[in-house]
Amino acid sequence: MSDKQEYIAKLEKAISQKYGDTTINNPKRFWNEDKEKEYINQSQEEQRKFAKLAESQDKVEQDGFLINKKLLNRDHNRTCPVCHKYSFRPKDDLYMNKFEACFKCYIQYVEDREERWATGWRPNEEE
Ligand SMILES: [Zn+2]
């Protein structure tokens, strides 16, 4: 093996350790510094695009939910009027907006009794 071949073999080994075998087995995708830069630029570009898209839709991801950014800033909607618990969970946010109760209170007081709730009935503070 010539020095050059040995160098290439070492390089390929290093690349395969870093990026997996497919990179080497596919000559078109042979990895080098330029390609790496290009790849990083592309993924940064994609992230920017995604961030811009998310911004334009006014949605942000939280706990795997896409929720409206404005809701995040509406702190008064984060305290359940029924149990007075403060919640950051988008699920609670949803029920809070719709029923003025967190998810737990919805299950406990509202579910299957939506009409009573809609007329303004609320559980006693002591309960
Ligand atoms: Zn509650």
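**Salt bridges, a zinc site and the fold around them**

R89 and D92 pair up in a salt bridge, with 3.5 Å between the closest N and O atoms. The model is a predicted one, and a search through the whole of it turns up two salt bridges. The partners in this one sit in rather unlike settings. R89 has a relative accessibility of 41%, so it counts as partly exposed. D92, on the other hand, is buried, because its relative accessible area is 5% and the cut-off for buried is under 20%.

D92 belongs to helix α5, which covers residues 90–99. Which residues of this helix are buried? The list runs P90, D92, D93, Y95, M96 and F99. Right after α5 comes E100, and its phi is positive, near 55°. As a rule, residues other than glycine mostly have a negative phi. E100 is not a glycine, yet it has that positive phi of about 55°. The residue lies in the loop between α5 and α6. With a relative accessible area of 47%, E100 is partly exposed.

E100 also brings in the other salt bridge, where its side chain meets that of R122 at 3.5 Å, N to O. This pair ties together distant parts of the chain: E100 is in the loop between α5 and α6, while R122 is in the segment after α7 (114–118), 22 residues apart. What does the accessibility of R122 look like? At 32%, R122 counts as partly exposed, and E100, as noted, is partly exposed too at 47%.

Next comes the metal. The zinc ion takes its protein donors from C80, C83, C102 and C105, through the SG atom in each case, and these lie 2.3 Å from it. Why is the arrangement called tetrahedral? The four donor atoms subtend angles of 105 to 116° around the zinc ion, and four donors count as tetrahedral if all angles lie between 85 and 135 degrees. Along the sequence, the donor residues follow the spacing C-x2-C-x18-C-x2-C. Within this set, C83 and C105 link distant parts of the chain: C83 is in the loop between α4 (69–73) and α5, C105 is in helix α6 (residues 103–110), and 22 residues separate them. Are these two cysteines buried or exposed? C83 has 30% relative accessibility and so counts as partly exposed, whereas C105 is buried, at a relative accessible area of 3%.

The loop between α4 and α5 holds another residue worth a look, H84. H84 is not a glycine, but its phi is positive, at about 65°. Its relative accessibility is 46%, so H84 counts as partly exposed.

Helix α6, home to C105, also contains Q108. Q108 has a relative accessible area of 46% and is therefore partly exposed. How far is Q108 from P123? In sequence the two are 15 residues apart, and in space 9.8 Å, C-alpha to C-alpha.

Stepping back to the whole protein chain, there are seven helices and two strands. In what order do they come? Reading along the sequence gives α-α-α-β-β-α-α-α-α. The protein chain has 127 residues, and 21% of them count as buried. Contacts across long stretches of sequence can be put in numbers as well: of the contacts in the protein chain with a separation of 6 or more, 10% are between residues 24 or more positions apart.

Then there is the surface. The protein chain exposes about 10200 Å², and carbon and sulfur atoms supply 51% of that. What makes up the nonpolar surface patch of about 270 Å²? Y7, I8 and L11 do. Y7 has its place in helix α1, which spans residues 3–19. Y7 is exposed, because its relative accessible area of 53% is over the 50% cut-off.

Terms used
Residues are numbered from 1 along each chain as its sequence is written. This is a predicted model: local features need pLDDT of at least 70, side-chain atom pairs count only at pLDDT 80 or more; totals for chains, interfaces and linings use all residues. Side-chain values use heavy atoms; hydrogens and water are left out. Buried means under 20% relative accessible area, exposed over 50%, partly exposed in between (1.4 Å probe, protein chains only). Helices (H or I, at least four residues) and strands (E, at least two) are DSSP runs, numbered from the N terminus. Donors are N, O and S atoms within 2.8 Å of the metal (3.2 Å for Na, K and Ca); water is not among the atoms, so sites may look incomplete. Four donors count as tetrahedral if all angles lie between 85 and 135 degrees; four count as square planar and six as octahedral if opposite donors are over 155 degrees apart and all others between 65 and 115; anything else is irregular. Contact means heavy atoms within 4.5 Å. Accessible areas come from the Shrake-Rupley method with a 1.4 Å probe; for residues, only the protein chains shown count as cover. Patches are made of residues with over 30% relative accessible area and no salt bridge: like charges are joined within 9 Å, nonpolar side chains (Val, Leu, Ile, Met, Phe, Trp, Tyr) within 5 Å. A salt bridge is a side-chain nitrogen of Lys or Arg within 4 Å of a carboxyl oxygen of Asp or Glu.
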